[in-house]
Amino acid sequence: MEARSGDAEGRRPRVLVVGGGIAGLGAAQRLCHHRAFPHLRVLEATGRAGGRIRSERKFGGVVEMGAHWIHGPSQGNPVFQLAVEYGLLGEKEMSEENQLVELGGHLDLPCVSYASSGRNVSLELVADMANLFYTLLDQAREFQHVVETPVPSVGEYIKREISRHMADWTENNETKKLKLAILNTHFNVECCVSGTHSMDLVALGPFGEYTMLPGLDCTFPGGYEGLTSSIVASLPKDILVFNKPVKTIHWNGSFREETLPGEMFPVMVECEDGDRFPAHHVILTVPLGFLKEHLDTFFQPPLPLEKAEAIRKMGFGTNNKIFLEFEEPFWEPDCKYMQVVWEGSSPLEDAAPEPKDTWVRKLIGFLVLPSFGSVYVLCGFIAGLESEFMETVSDEEVLQSLTQVLRRMTGNPQLPAPRSVLRSRWHSAPYTRGSYSYIAVGSTGDNIDLLAQPLPADSADAQLQILFAGEATHRMFYSTTHGALLSGRREADRLTSLWHTKAQPPQPEP
């Protein structure tokens, strides 16, 4: 990070971006377009860019270990705009028709619903319960302007409403129990969507602040990582420094560098390997899960109490994928989603506290991925503590457990076992520690805004030493790639406007 020759170059700001996910890359791409920022580096803890966007070449094709869809692929979505610009989408994904679809966050109905006893659940019953659940979920979004919510969480609200609806159910006991089990699967799906262990942890009041963009959610035919790779390719060479985990950010100080004896820097970024990078500004884009774990040691001096408290209060959970490879499909050719209904489960009863033997019961079912030639792949989704426990067992145990589940569900004890298994482990990833954020009970959207505020907060002279970006800092689009990208651009623009103001000559007094 040597300064370029000449006093003018030396006085230009040194900017460090910590984290090479889409927020960090978005910030770097924005800053690179401005001449005021020739001294820019992105420090990435791992050996690759992309963060929670991670595509792997496997099964003769590409699978997404992290971000899966563009949520709301339409003109207001910067991820969609970039994907179109880089030529990463097909004609169908880019069509006007696709961009106008409004799904309101509701999942498609499954092509088949398997009960754990091996029978097929009536798709009419499945559709009825999906309709009830999504009606209640939509109602749960309507409390953001209410002074006091009837209950603290989304989960408690929906369960209360289900109890009321049950009074009108006229079927026999067995069907009523099956309806509850189907609803329980919907709760588990919503845990995956919200990145939480339980909807009882998701705050009811601010739930409606999350904003859904129009457009039929779509995937990248060549992998989501094509997007981050394209952004990286647009950056100046050597701007990214890999395998450079940051240990501590020292701020509000006066730090020197030998190559610039006359220059003082308010921030010093200390890396795990002992390297130190002085800077005028740091844009911090690390995941909230990492911040939560390292809060006490990552900042020196410590963060202001209010900001630290916001980080502690906000929710951050785990959603993982399990890919199963088959030689032959056992599902119908046009099937896209197979639902799993665990008989005996109910959202109105507390789940078993120990996920050890029952972790598979949090599995929501399987997406059928487009076939890669003669290879057929299912993608299972699982969230919460059960998902975190799944990360601790061997591939062999996961394969064995899911083979048993599939044989039970299909009622075919001879169903061939999957050929191989691949899974994500986002909770175990040391620089991520989970999947994405949600607004937890006890926190509000104000906590997101508080996290997004630069430091120091109260000094006009020591401006913008640490700026905060990442999906967890976007009040309307938290948990999404477009929220992350927008947050990175937001902080880059904040810096640009600061230096634009500084560059203006002082106006004569009237």
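Which strands does helix α13 lie across? In this predicted model, the helix, made up of residues 395-410, lies across β5, β15, β16, β17 and β19. Its run is at about 110° to β19, and β17 here covers residues 365-368.

The strands just named belong to an open sheet of six, and reading across it gives the order β5-β16-β17-β18-β15-β19, with mixed pairing. At the edges stand β5 (112-115) and β19 (420-423); each has a single partner strand, so one side of each goes without a neighbour in the sheet. On average, and with direction ignored, neighbouring strands are turned by 20° against each other. A second helix comes in here too: α8, spanning residues 173-194, packs on the sheet and touches β15, β16 (337-341) and β18. The direction of α8 makes about 120° with that of β16.

Within the sheet, the pairing of β15 with β18 can be followed residue by residue. Strand β15 takes in residues 319-326 and β18 residues 376-383; the two run antiparallel and are joined by eight bridges. One of the pairs puts Asn-320 together with Ile-382 of β18 as its bridge partner. As a rule, side chains in a regular strand alternate between the two faces of the sheet.

That bridge pair turns up again around Ser-387. This serine sits in helix α12, which is formed by residues 384-390. Leaving aside residues up to four places away in sequence, Ser-387 touches Asn-320 and Ile-382, along with Thr-318 and Asn-319. Is Ser-387 buried or exposed? Its relative accessibility is 0%, so Ser-387 counts as buried.

Now for a hairpin elsewhere in the chain. Strands β3 (residues 55-58) and β4 (residues 61-64) run antiparallel, and four bridges hold the pairing. Across from Glu-56 stands Val-63 of β4. Two residues lie between the strands of this hairpin, where Phe-59 takes a positive phi near 60°.

Helix α3 comes next, covering residues 78-85, and its buried residues include Pro-78, Val-79, Phe-80, Leu-82 and Ala-83. Both ends of α3 offer some local detail. At its start, Asn-77 extends a side-chain oxygen to within 2.9 Å of the backbone nitrogen of Val-79, a residue that is itself buried. Just after the helix, Gly-87 has a positive phi of about 70°.

Terms used. Residues numbered from 1 in each chain as written. Predicted model: local features only at pLDDT ≥ 70, side-chain atom pairs only at ≥ 80, totals over all residues. Heavy atoms only, no water. Pairing = 2+ DSSP bridges. Axes fitted to C-alpha atoms, helices over the stretch in contact; angles between N-to-C directions. Contact = heavy atoms within 4.5 Å. Buried < 20%, exposed > 50% of the residue type's maximum accessible area, 1.4 Å probe, protein only. Polar contact = N/O pair within 3.5 Å; in protein donor to acceptor, adjacent residues only side chain to side chain.
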